Amino acid sequence: MRIDQDSWNIIQRVLRRYPDNLKEQKADGAYRERIEREIKAVELALSMLSPEEQEVIRARFFQDRRRNVSYERIFELGYSARQMRRITHRMVEMTGRALGEIR
């Protein structure tokens, strides 16, 4: 499935914000609702991946909040760059569907 570039970037931003959102769950109002919705979407998508695939996602998105970590820097996980791209695409797609960004 082809995902629109704007949606792809929004979902990746949500994935990179996930560790910070866990810390900010005490916010109030609409901001809290958005954070809770994003946390649930990411956790649902993570739960559908194997533990090894979850490590790829953690290494790619959760290490640096400003940008995604390059696939070449996480080769020690035992996957090729192509396999990691497929895992990342699945994660982005599942998160996007849970958020309603992708139909």
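Let me begin with a pair of charged residues in helix 2: Glu36 forms a salt bridge with Arg32, and the closest N and O atoms are 2.8 Å apart. I should say at once that this is a predicted model. Glu36 and Arg32 both belong to helix 2 and are four residues apart, about one turn of the helix. On the general point, an α-helix has 3.6 residues a turn, so residues three or four places apart point the same way. Glu36 is partly exposed, with a relative accessible area of 30%, and Arg32 is partly exposed as well, at 35%.

How many salt bridges does a search of the whole structure find? The search finds nine. I shall discuss two others, each of which joins two helices.

In one of them, Arg17 pairs with Glu38, with the closest N and O atoms 2.9 Å apart. Arg17 lies in helix 1, residues 5-23, and Glu38 in helix 2, residues 29-47, so this salt bridge ties together parts that are 21 residues apart in sequence. Are these two residues buried or exposed? Arg17 is buried, with a relative accessible area of 18%. Glu38 is also buried, with a value of 5%. In addition, Arg17, Arg34 and Glu38 are linked in a network of salt bridges.

Let me stay with Glu38 for a moment. Leaving aside residues up to four places away in sequence, Glu38 touches Val14, Arg17, Asn21 and Leu99. For a sense of distance, Glu38 and Ser7 are 31 residues apart in sequence, and their C-alpha atoms are 14 Å apart in space.

The other salt bridge is between Glu53 and Arg90, where the closest N and O atoms are 2.8 Å apart. Glu53 lies in helix 3, residues 51-62, and Arg90 in helix 4, residues 81-99; the pair therefore ties together parts that are 37 residues apart in sequence. Here Glu53 is buried, with a relative accessible area of 14%, whereas Arg90 is partly exposed, at 37%.

This brings us to the packing of those helices. Helix 3 and helix 4 pack at an angle of about 85°, and their axes are 10 Å apart. An angle from 65 to 115 degrees counts as roughly perpendicular, so helix 3 is roughly perpendicular to helix 4. Which residues make the contact? From helix 3 they are Glu53, Val56, Ile57, Arg60 and Phe61. Helix 4 contributes Met84, Ile87, Thr88, Arg90, Met91 and Val92. By type, the residues of this contact divide into seven nonpolar, one polar and three charged.

Helix 3 deserves a further remark. Its buried residues are Glu53, Gln54, Val56, Ile57, Ala59, Arg60, Phe61 and Phe62. They pack against helix 1, helix 2 and helix 4.

I turn finally to the nonpolar interior. In soluble globular proteins, nonpolar side chains tend to be buried together. In this model the largest nonpolar core has 29 residues, of which Leu15, Val42, Ile57, Phe62, Met91 and Val92 touch the most other members. Helix 1, helix 2, helix 3 and helix 4 each supply at least two residues of this core. What does Phe62 touch, not counting residues up to four places away in sequence? Its contacts are Leu15, Tyr18, Pro19, Val42, Leu46 and Ile57.

How values were computed: Residues numbered from 1 in each chain as written. Predicted model: local features only at pLDDT ≥ 70, side-chain atom pairs only at ≥ 80, totals over all residues. Heavy atoms only, no water. Salt bridge = Lys/Arg side-chain N within 4 Å of Asp/Glu carboxyl O. Buried < 20%, exposed > 50% of the residue type's maximum accessible area, 1.4 Å probe, protein only. Axes fitted to C-alpha atoms, helices over the stretch in contact; angles between N-to-C directions. Parallel < 35°, antiparallel > 145°, perpendicular 65-115°, else oblique. Contact = heavy atoms within 4.5 Å. Nonpolar A, V, L, I, M, F, W, Y, C, P; charged D, E, K, R; others polar. Core = buried A, V, L, I, M, F, W, Y, C linked by side-chain atoms within 4.5 Å.
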